[in-house]
Amino acid sequence: MSSSSFQLVFMFCFSILLLLLISTSMQTVSAATTNKASAKTYKKFIKSACNSTTYPKVCYKALSPSASAIKTDTNKLCNIALSFTLNATYNASSSIDSLSKMKGLSPSEKEIIHDCAETTGEAIDELEKSLKTLANLQGSGHKADEMNDLETWVSAVLTDEYTCTDEFDGQKVSKAVKSTINKSVLYLAQLTSNCLALFNLLDY
């Protein structure tokens, strides 16, 4: 092969390679732009949904990290909101259990912690049932009944949560016990209230 022929072949191959690199680069940029636009759309959907709740900031903070899973699906939104609330209830239950191991608790404090642990356990049961009901809603032939059960159980969770703090009335409770329970219950109550509001967005 002559020197000039070799140069022509080299230039041709180089041009093809350059075109492939440019095409790949453009596809990557396009995909990144699309993903960024999608992420923005998903978060906008969550923000709009959370604006219908009593505690929109708590709602958005809890759900926005799951935007790529939720997308614009209201059922997934409610499912993840319930799952998040259930996990938070597990954490609260663990915190309340740890209080029972504190030394120097008064009889009334022990009773409050015991009762609070029981109601938190009930809340966990009700949230687990709610998650199963929500998962079965799409294929259910009795959607109205299922929705009624769902709202009843989650409302019961809210009642359970406030039962803990109601027991403080007229009792001498240490700051550590009161603060731990109040902090856990307040957060759970906000999450649960938000779940009830989000259920109104379900098309059932």
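## A walk through an all-helical chain

Buried residues make up 35% of the 204 residues in this chain, and the model in which they are counted is a predicted one. The chain holds seven helices and zero strands, so that, when the elements are read from the N terminus on, they run α-α-α-α-α-α-α. The accessible surface of the chain comes to about 12300 Å², and 57% of that surface belongs to carbon and sulfur atoms. Among the contacts between residues at least 6 apart in sequence, 75% join residues that are at least 24 apart.

A good place to begin is the interior. The largest nonpolar core has 30 residues, and those that touch the most other members are Leu63, Leu82, Leu198 and Phe199. The elements that give two or more residues to this core are helix H1 (3-50), helix H2 (56-63), helix H3 (67-70), helix H4 (74-99), helix H5 (107-136), helix H6 (143-166) and helix H7 (175-199). Apart from this core lies another one, of twelve residues, which includes Ile112, Ile113, Val177 and Val185.

Phe199 gives a view of the larger core from one of its members. When its neighbours within four places in sequence are left aside, Phe199 is in contact with Cys78, Leu82, Met147, Leu150, Glu151 and Val154.

The next topic is the empty space inside the model. A search of the whole structure finds two cavities of 30 Å³ or more, and the largest of them has a volume of about 70 Å³. The residues that line the largest cavity are Val58, Cys59, Ala62, Leu63, Ala81, Phe84, Thr85, Leu191, Asn194, Cys195 and Leu198, and the elements that give two or more residues to this lining are H2, H4 and H7. Sorted by class, the lining of the largest cavity has nine nonpolar and two polar residues, with no charged residues. Leu63 and Leu198, which belong to this lining, were also named among the core residues that touch the most other members.

The second largest cavity holds about 40 Å³ of space. Its lining is made of Thr89, Ile96, Thr120, Ala123, Asp160, Glu161, Cys164, Val185 and Leu188. Helices H4, H5, H6 and H7 each supply at least two of these residues, and H6 gives the most, with three. By class, the lining of the second largest cavity divides into five nonpolar, two polar and two charged residues. Val185 in this lining is also one of the residues of the core of twelve.

Two single residues can now be looked at with some care, and the first is Thr89, whose place is in helix H4. Is Thr89 buried or exposed? Thr89 has a relative accessible area of 1%, and because a residue counts as buried under 20%, Thr89 is buried. Leaving aside its neighbours within four places in sequence, Thr89 is in contact with Thr120, Ala123, Ile124, Leu127 and Leu188. Of these partners, Thr120, Ala123 and Leu188 also line the second largest cavity, as does Thr89 itself.

The other residue is Ser66, whose place is in the loop between H2 and H3. Ser66 has a relative accessibility of 21%, and because the buried class covers values under 20% and the exposed class values over 50%, Ser66 counts as partly exposed. The C-alpha atoms of Ser66 and Ile80 are separated by 7.9 Å, while the two residues are 14 residues apart along the chain.

Definitions and conventions: Residues are numbered from 1 along each chain as its sequence is written. This is a predicted model: local features need pLDDT of at least 70, side-chain atom pairs count only at pLDDT 80 or more; totals for chains, interfaces and linings use all residues. Side-chain values use heavy atoms; hydrogens and water are left out. A nonpolar core is a set of buried Ala, Val, Leu, Ile, Met, Phe, Trp, Tyr and Cys residues joined through side-chain atoms within 4.5 Å. Buried means under 20% relative accessible area, exposed over 50%, partly exposed in between (1.4 Å probe, protein chains only). Helices (H or I, at least four residues) and strands (E, at least two) are DSSP runs, numbered from the N terminus. Contact means heavy atoms within 4.5 Å. Accessible areas come from the Shrake-Rupley method with a 1.4 Å probe; for residues, only the protein chains shown count as cover. On a 1 Å grid over the protein atoms alone, a cavity is a set of points where a 1.4 Å probe fits but cannot get out, and a pocket is an open set with protein on both sides within 12 Å along at least five of seven lines; lining residues have an atom within 4 Å of a point. Grid points are joined across faces, edges and corners, and a volume is the space filled by probe spheres set on the points. Ala, Val, Leu, Ile, Met, Phe, Trp, Tyr, Cys and Pro count as nonpolar, Asp, Glu, Lys and Arg as charged, and the others, Gly among them, as polar.
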